[in-house]
Amino acid sequence: MSDATRAVDAIWRIESARIVGALARYTGDFALAEDAAQEALAEALVSWPEHGQPANPVGWLMTTAKRRAIDTIRRAGVQREKYEAIAHDQDEAYADDLDIERIDDDVLALMFVSCHPVLSKEARVALTLRVVGGLSSEEIARAFLVPVPTIQARITRAKKTIAAAKVPFEVPSPDERRQRLAGVLNVLYLIFTEGSTATSGEDLIRTDLAREARRLTRVLIGVLPDEPEAYGLLALMELTASRFPARTDAAGDPVLLEDQDRTRWDQGAVRRGLAALEQATPRGLGPYGLQAAIAATHAIADSVETTDWERIIVLYEALGRIAPNPIVDLNRAVAVAMAHGPLRALEIVDRIADPITGKGRLDHTHLLPTVRGELLRRLGRTVEARKELERAAGMCTNDRERAVLEQKIADLT
């Protein structure tokens with residue numbers, strides 16, 4: 001990759017949301033704005049290596065994208081007023097577009113459109129990474145281990161769905177924003193969890209995807225600096241990411257929390273996470289903030305033995321009240337096992353596994369039989385433990401995690 005190409009890539013990654021957002025505001029057409037911006041990017045990748053980087057690279061991209069939008073509107077024969085409005089703006093200095101409040105509104109509107117509830121979960125993730133994150137279809141496909149045409153189709157369908165639903169390009173009203181913010185945060189969290197917990201293949205951690213999720217969360221905080229749950233989410237991401245260096249060994253195999261070398265934890269990420277958590281705490285913690293507080297309890301402990309497991313139990317109980325979920329109950333059971341032994345924890349796990357309780361059986365994941373098998377092993381119930389761990393290994397789709405489970409089974413013989 002040439003220096004000019006690297007410059008295009010870096011500038012695009014940082015500025016693409018502003019460019020697409022400004023274009024969408026000018027044209028009133030989200031799909032047209034994204035297409036025109038992509039054409040400008042393609043032209044920059046050809047022009048800059050040949051003619052050199054322009055003095056105002058962002059302005060060059062913006063002006064080029066506006067011209068591509070005008071050409072498209074002209075070819076489509078769209079109403080003359082829209083063409084004239086864009087044409088009037090195209091030669092203005094780009095500095096006029098850098099009004100801070102306007103930029104913030106453009107980026108915020110872009111995030112809410114990309115995460116609109118009319119879209120499927122997969123479409124929201126792909127579109128957010130594309131139009132807010134500035135990732136190419138190839139980069140998104142590589143991150144999610146799916147074919148490029150699959151990602152391209154998702155993005156195309158998403159733009160058509162937004163157009164068909166006549167979703168306006170605007171910042172939602174305060175009331176609607178409060179209602180829909182959880183959806184935006186969920187998309188960012190999905191991106192992070194895909195990077196921090198691979199569900200298939202050989203890789204356990206995809207740091208580039210997790211890093212992008214953190215960057216996008218900071219972008220959201222930049223335009224919504226008074227939302228505590230956004231800080232809570234960033235804190236959770238940073239504190240989780242702090243363990244990445246110790247989560248795998250030299251061969252790439254997973255290392256359990258109790259076996260991790262805590263000197264390898266990223267203390268810079270811990271500090272950033274604790275600082276973000278401090279911003280979230282004064283107005284009360286939501287689901288992400290509570291999870292971040294749990295992660296913080298791990299982060300400040302010197303070892304598994306010195307971890308404040310009672311505090312973690314209380315935090316999981318609070319999380320279970322505001323965001324009931326069998327995974328939360330399962331994690332609480334693990335904390336109970338550490339604080340009070342495996343027998344009390346097994347009672348919790350068995351209630352999760354019992355369909356009569358209505359909590360859900362977690363049949364879609366290997367996590368429940370993994371935890372249950374480990375508790376049975378600690379209780380000396382070897383035959384039952386082996387059965388549960390074999391079931392977990394059969395359900396696990398990650399090659400390296402399955403290898404760990406198979407080794408646990410072998411150790412029981």
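**Overall make-up.** I began with the secondary structure and counted 19 helices and zero strands in the protein. I note at the outset that this is a predicted model, and I read every entry below with that in mind. Of the 413 residues of the protein, 49% count as buried. I then looked up the contacts with a separation of 6 or more, and found that residues 24 or more positions apart account for 63% of them. For the surface, I recorded an exposed area of about 19,600 Å², of which carbon and sulfur atoms supply 51%.

**Cysteines.** I searched for disulfides and found zero in the structure. I also checked two cysteines for burial: Cys 115 has a relative accessible area of 4% and is buried, and Cys 396, at 4% relative accessibility, counts as buried too. Both entries follow from the cut-off, because buried means under 20% relative accessible area.

**The largest nonpolar core.** Which residues touch the most other members of the largest nonpolar core? I found that they are Leu 129 and Leu 220, in a core of 123 residues. Helix α1, which spans residues 3-27, gives the largest share of this core, namely eleven residues. As background, I keep in mind that nonpolar side chains tend to be buried together in soluble globular proteins.

I followed Leu 220 outward, leaving aside its neighbours within four places in sequence, and listed its contacts as Leu 108, Met 111, Leu 181, Val 184, Leu 185, Leu 188 and Ala 230. From that list I picked Leu 185, which is found in helix α9, residues 174-196. Leu 185 has a relative accessible area of 3%, so I entered this residue as buried. With neighbours within four places again left aside, Leu 185 is in contact with Leu 220, Glu 229, Ala 230, Leu 233 and Tyr 288; Ala 230 therefore stands in my notes as a contact of Leu 220 and of Leu 185, under the rule that contact means heavy atoms within 4.5 Å. I also took the separation between Leu 185 and Cys 115, which are 70 residues apart along the chain, and their C-alpha atoms are separated by 9.1 Å.

**Ala 36 in helix α2.** I turned next to Ala 36, which lies in helix α2. Is Ala 36 buried or exposed? I entered Ala 36 as buried, because its relative accessible area is 2%. Beyond its neighbours within four places in sequence, Ala 36 is in contact with Leu 23, Ala 65, Arg 68 and Ala 69. Thr 72 is 36 residues from Ala 36 along the chain, and the C-alpha atoms of the two are separated by 8.3 Å.

**The second largest pocket.** I noted a volume of about 350 Å³ for the second largest pocket. Its lining consists of 17 residues, and those lying nearest its centre are Leu 41, Ser 136, Ser 137, Glu 138 and Glu 139. The elements that give two or more residues to this lining are α1, α2 (30-51), α7 (137-144) and α8 (148-164). Helix α8 supplies the largest share, which is four residues.

**Lys 166.** My last entry concerns the loop between α8 and α9, where Lys 166 is found. The phi of Lys 166 is near 55°, and I flagged this as a positive value in a residue other than glycine. With a relative accessible area of 71%, Lys 166 is exposed.

Terms used:
Residues are numbered from 1 along each chain as its sequence is written. This is a predicted model: local features need pLDDT of at least 70, side-chain atom pairs count only at pLDDT 80 or more; totals for chains, interfaces and linings use all residues. Side-chain values use heavy atoms; hydrogens and water are left out. A disulfide is a pair of cysteine sulfur atoms within 2.5 Å. Buried means under 20% relative accessible area, exposed over 50%, partly exposed in between (1.4 Å probe, protein chains only). Accessible areas come from the Shrake-Rupley method with a 1.4 Å probe; for residues, only the protein chains shown count as cover. A nonpolar core is a set of buried Ala, Val, Leu, Ile, Met, Phe, Trp, Tyr and Cys residues joined through side-chain atoms within 4.5 Å. On a 1 Å grid over the protein atoms alone, a cavity is a set of points where a 1.4 Å probe fits but cannot get out, and a pocket is an open set with protein on both sides within 12 Å along at least five of seven lines; lining residues have an atom within 4 Å of a point. Grid points are joined across faces, edges and corners, and a volume is the space filled by probe spheres set on the points.
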